[in-house]
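Here is a protein chain to read through by question and answer. Look at the sequence and the model before going on.

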Amino acid sequence: MIVDSHCHLDRLDFDKIGKDLPEILSDARAKQVEHFLCVSVTLAQFPAMLEKILPFDDVSASCGVHPLNQDDALDPALLRELAQHPKVVAIGETGLDYYYSKDTHQVQRDSFAQHIDIANELSKPLIIHTRDARQDTLDIMRAHNAQQCGGVLHCFTENWEMAKQAIDMGFYISISGIVTFKNAVELQDVVTRLPLDRLLIETDSPYLAPVPHRGKTNQPAYVQDVAYFIADLKGISYKELACATTDNFYRLFGLAQRGNAS
């Protein structure tokens, strides 16, 4: 069995896919996906996201504000309150994304620091988004003692040096379908170096569908394609990759494992 460690189930276009959420989750379970982490990007949309996933015991949630969703200043008190729901196993996604306008960079840094402090306060791991902001991401993690709560750098697309520094702080590295893209040579090299005990897999659906599904709406069932690709890349069996990444997921997020990966 495998896990989709990062997806946005509330952002799936069910009309475009032609299926509702129960059907999409059922399709994924048929592909050996036994758990799903539905990740928050705004506090305003969190209640609606939570309502969608409440009926499903195999779906957990995170709570936080994506670095590119900074229209309203982070309300730390509200984040603390929402993050204490039993479904919530992580804080985020948070982090830094410098790919776009510089106007939001300071706001992102402030928000990221507050997320780390709250994660430490609540003893919940962080889900970190980082893009074109390697040094600032690492510097803020260190300055705010992110190693205390731990967490994951999700949808990782940076270099090995950054991955190693995050791992040295006790973090995991999560790999999405981007690794299957032809131009992802540097990322593929990073994945060959990643220790199995620090590796997670994800879809980040509905975005970034892996080969052979490029051009389609990504969905949790496709995490199996990511798993097969990474296993081949690392020269190990699918079963070994599945066991390791599934064990890592449950360990990081403090969840009871549902079954044996196979």
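Q: Where does Glu-93 lie?
A: This is a predicted model, in which local features need pLDDT of at least 70 and side-chain atom pairs count only at pLDDT 80 or more, while totals for chains, interfaces and linings use all residues. Residues are numbered from 1 along each chain as its sequence is written, and side-chain values use heavy atoms, with hydrogens and water left out. Helices (H or I, at least four residues) and strands (E, at least two) are DSSP runs numbered from the N terminus. By that count, Glu-93 belongs to strand 4.

Q: What is omega for the cis peptide bond from Gly-92 to Glu-93?
A: Glu-93 is part of strand 4, and the bond that leads into Glu-93 comes from Gly-92. That bond is cis, and its omega is near 20°.

Q: Which residues does the cis peptide bond with omega of about 15° join?
A: One of the two partners, Pro-212, sits in the loop between strand 8 and helix 9. With omega about 15°, the cis bond joins Val-211 and Pro-212.

Q: In what order do the 8 strands of the open sheet stand?
A: Two strands pair if DSSP finds at least two bridges between them. The pairing in this open sheet is parallel. Its 8 strands follow the order 1-2-3-4-5-6-7-8.

Q: Which strands stand at the edges?
A: An edge strand here has a single partner strand, so one of its sides is left without a neighbour in the sheet. This is the case for strand 1 and strand 8 (199–201).

Q: By how much are neighbouring strands of this sheet turned against each other on average?
A: Axes are lines fitted to C-alpha atoms, for helices over the stretch in contact, and angles run from 0 to 180 degrees between N-to-C directions. For the strands of this sheet, direction is ignored in the average. Neighbours are then turned against each other by 30°.

Q: How many bridges join strand 4 to strand 5?
A: The two strands run parallel. In one pairing, Asp-97 stands opposite Arg-131 in strand 5. The number of bridges that join strand 4 to strand 5 is 5.

Q: Which strands does helix 2 (residues 21–30) touch as it packs on the sheet?
A: Contact means heavy atoms within 4.5 Å. The direction of helix 2 makes about 135° with that of strand 2. The strands that helix 2 touches are strand 2 and strand 3.

Q: What angle does the direction of helix 9 (residues 223–234) make with that of strand 8?
A: Helix 9 also packs on the sheet, where it touches strand 1, strand 2, strand 7 (172–175) and strand 8. With the direction of strand 8, helix 9 makes an angle of about 145°.

Q: How many of the residues of strand 2 (residues 33–38) are buried?
A: Strand 2 pairs with strand 1 (residues 2–7) in the parallel sense over 4 bridges, and 3 bridges join strand 2 to strand 3 (residues 59–63), also in parallel. Buried means under 20% relative accessible area, exposed over 50%, and partly exposed in between (1.4 Å probe, protein chains only). Strand 2 is mostly covered, and the buried count is 6 of its 6 residues.

Q: Which residues of strand 7 are buried on the two sides?
A: In a regular strand the side chains alternate between the two faces of the sheet. Both faces of strand 7 are covered. The buried residues are Tyr-172 and Ser-174 on one side, and on the other Ile-173 and Ile-175.

Q: Does Cys-155 count as buried or exposed?
A: Cys-155 lies in the loop between strand 6 (151–153) and helix 7 (160–168). Its phi is near 45°, a positive value in a residue other than glycine. Because the relative accessibility of Cys-155 is 11%, Cys-155 counts as buried.

Q: What is the relative accessibility of Asp-132?
A: Asp-132 lies in the loop between strand 5 and helix 6 (134–143). Asp-132 is not a glycine, yet has a positive phi of about 55°. Asp-132 counts as partly exposed because its relative accessibility is 49%.
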